[in-house]
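The following note is offered to a colleague who wishes to read the structure alongside its sequence. The points are numbered so that each may be checked separately.

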Amino acid sequence: MSGGELDPAQHGLGDMDPEDLRAHGHRVVDWIADYLAGVGERPVLAQVAPGEVRDRLPEAPPDEPEPFEAALADLDDILLPGITHWNHPAFHAYFSITGSGPGILGEALAAALNVNGMLWRTSPSATELEETVVDWLRQLLGLPGDLRGVIVDTASVATMVALAAARERADLDVRQRGLAGRPDLPLLRIYTSEEAHSSVEKAAITLGLGRDGVRTVGTDEQRRMDPTALGAAIREDVRFGYRPIAIVATIGTTSTTAVDPVPAIAEVRDELVEELGHDLWLHVDGAYGAMAAIDPELRWVLDGAEHADSLVTNPHKWLFTPIDCSVLLLRDVEVLTRAFSLVPEYLSTDDGEVTDYMNWGVQLGRRFRALKLWLVIRYFGRHGLQERIHHHVEQARHVVAWVEKHPELVLMAPAPLSTVCFRAEPDWVPDAATGEDDDPRARAHDECNRRWLDRVNASGEAFLSHTDLDGRFTVRLALGSLHTTDERLERTLSVLDRELAALRP
Ligand SMILES: *Cc1c(COP(=O)(O)O)cnc(C)c1O
């Protein structure tokens, strides 16, 4: 075929015509730009009831082709009402994130290339850009040059992969013989703080260590892991015959963004390695918090991380990259590939000294996530990233100041990064009825905060989430979106004020 004519016999069996793709593509880009420009006027938390979206979608797939425009119209009419807008300037729940312009365009380009980067030869650029961009991130974080990296989907998977490497390094032949039914093996243990993310336990479940394979260590008054308690826990376990294999420290816990004292934890690890005569892997979970280190004023969050065997951080959390994109950096790549490498004949190559990322974890096929991260880092540059992160931390300082001078609010935890935990404890709340709980006043305040948060989120003007601190219902306000201007944040604080005042009897 030539001259751009379509063979009528072929037409309909191929892909979207390139000129149609161009036209629809322009419309989609317009849609994206309009969406982002106007997202702040939409209700941030989806206001639909369960099943409402499903009820409006056809049960069966269409038999005949449908116009692309019809699907786009349904995106507006049916799907958007059921979207909680993570790119909304008043999205302050969980961790506040941004799918930025360069990242969005990177996703589109990655889909166009549709590369499966399982082997170096299945797209040398995909592998080599990934090696480059994870090294850029390492440099942005000020971490040592002997760390190498890989991009995976989520921090949960990165932590699982790191702990699989730790298990491999324990030299118990688990790769070949597994764990079950082996009287020759001791019980294996991983140590992490009671504030650690559930992904550590999920990794233990997946790796055959079970939840009992995770021992949680106590924290100090700022919810940071207590290194002395860590040492004591490990020594006690060893006396009872356990085999410690790894410690997981957290930089920025999910609940209050506490930063574990990694230098002291690494020291405890080193002492124990001497004592026990075997290795103890130190993994650092900096899914959200590690990115703070890009700002020189906050570089301290990664103090001691140079002693870690591995570290995970999520560009999709605080580095403006669309979900999903998580970077695992590690020192001993050889042990990781020893844990996972299984090369069937049809994938074997003689490419020599290249990285075949399929050997770095569980998945074979892998998408070209490096592209969007590359575009994000190039678009903003080190200084642009630094200034933005710094700004989010300043916004958090502003919220802390607002809480502290508010007569009815109490700051519930230190806010070292960009997330603030607080709650209302107004004196006009009547005591709860006495129950077996000790503190009817605190329970009444719990209920007041629950109702306050529900009202704020139902207003559609802001979305915040909560956590539990020592049994007390606590509101969390996370900053980290490029869309949250200072004016919009001010507006959100007045919404919080207004909804609290509305509860006053
Ligand atoms: C968010 C978070 C995770 C999990 O991240 P995913 O990428 O969603 O798996 C793990 N650890 C910490 C500290 C987190 O904040």
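1. The model is predicted. As a starting point, Thr 250 has Asp 285 of strand 5 as its bridge partner. This pair belongs to the ladder between strand 4 (residues 243-250) and strand 5, which run parallel and are joined by five bridges.

2. Strand 5 spans residues 281-285 and is mostly covered, with five of its five residues buried. Trp 281, His 283 and Asp 285 point one way from the strand, while Leu 282 and Val 284 point the other way. The residues on both sides are buried, and Asp 285, the partner of Thr 250, is thus among the buried residues of strand 5.

3. A second region concerns an open sheet of four strands, whose order is 8-9-11-10 with antiparallel pairing. Strand 8 (409-411) and strand 10 (465-469) are at the edges; each has a single partner strand, so one side of each is left without a neighbour in the sheet. From one strand to the next, the twist averages 40°.

4. Within this sheet, five bridges pair strand 10 with strand 11 (residues 472-478) in the antiparallel sense. Leu 469 has Arg 472 of strand 11 as its bridge partner. Helix 14 (residues 440-459) packs on the sheet and touches strand 8, strand 9 (419-424), strand 10 and strand 11. The direction of helix 14 makes about 35° with that of strand 11.

5. Helix 5 (residues 124-140) packs with helix 13 (residues 370-405) at an angle of about 30°, and their axes are 10 Å apart. Angles under 35 degrees count as roughly parallel; the two helices are therefore roughly parallel to each other. The crossing of helix 5 and helix 13 is left-handed.

6. Helix 5 contributes Leu 129, Glu 130, Val 133, Trp 136, Gln 139 and Leu 140 to this contact. From helix 13 come Ala 370, Leu 371, Leu 373, Trp 374, Ile 377, Arg 378, Arg 382 and Leu 385. By class, the contact of helix 5 with helix 13 holds ten nonpolar, one polar and three charged residues.

7. Is Leu 185, in the loop between helix 7 (174-177) and strand 2 (188-193), buried or exposed? Its relative accessibility is 17%, and because buried means under 20%, Leu 185 counts as buried. Leaving aside neighbours within four places in sequence, Leu 185 is in contact with Leu 172, Gly 178 and Leu 179. Leu 172 and Leu 185 are 13 residues apart in sequence, with 7.6 Å between their C-alpha atoms.

Terms used. Residues are numbered from 1 along each chain as its sequence is written. This is a predicted model: local features need pLDDT of at least 70, side-chain atom pairs count only at pLDDT 80 or more; totals for chains, interfaces and linings use all residues. Side-chain values use heavy atoms; hydrogens and water are left out. Axes are lines fitted to C-alpha atoms, for helices over the stretch in contact, and angles run from 0 to 180 degrees between N-to-C directions. Angles under 35 degrees count as roughly parallel, over 145 as roughly antiparallel, 65 to 115 as roughly perpendicular and the rest as oblique. A crossing is left-handed if the near helix is turned anticlockwise from the far one by less than a right angle, and right-handed if clockwise. Contact means heavy atoms within 4.5 Å. Ala, Val, Leu, Ile, Met, Phe, Trp, Tyr, Cys and Pro count as nonpolar, Asp, Glu, Lys and Arg as charged, and the others, Gly among them, as polar. Buried means under 20% relative accessible area, exposed over 50%, partly exposed in between (1.4 Å probe, protein chains only). Two strands pair if DSSP finds at least two bridges between them.
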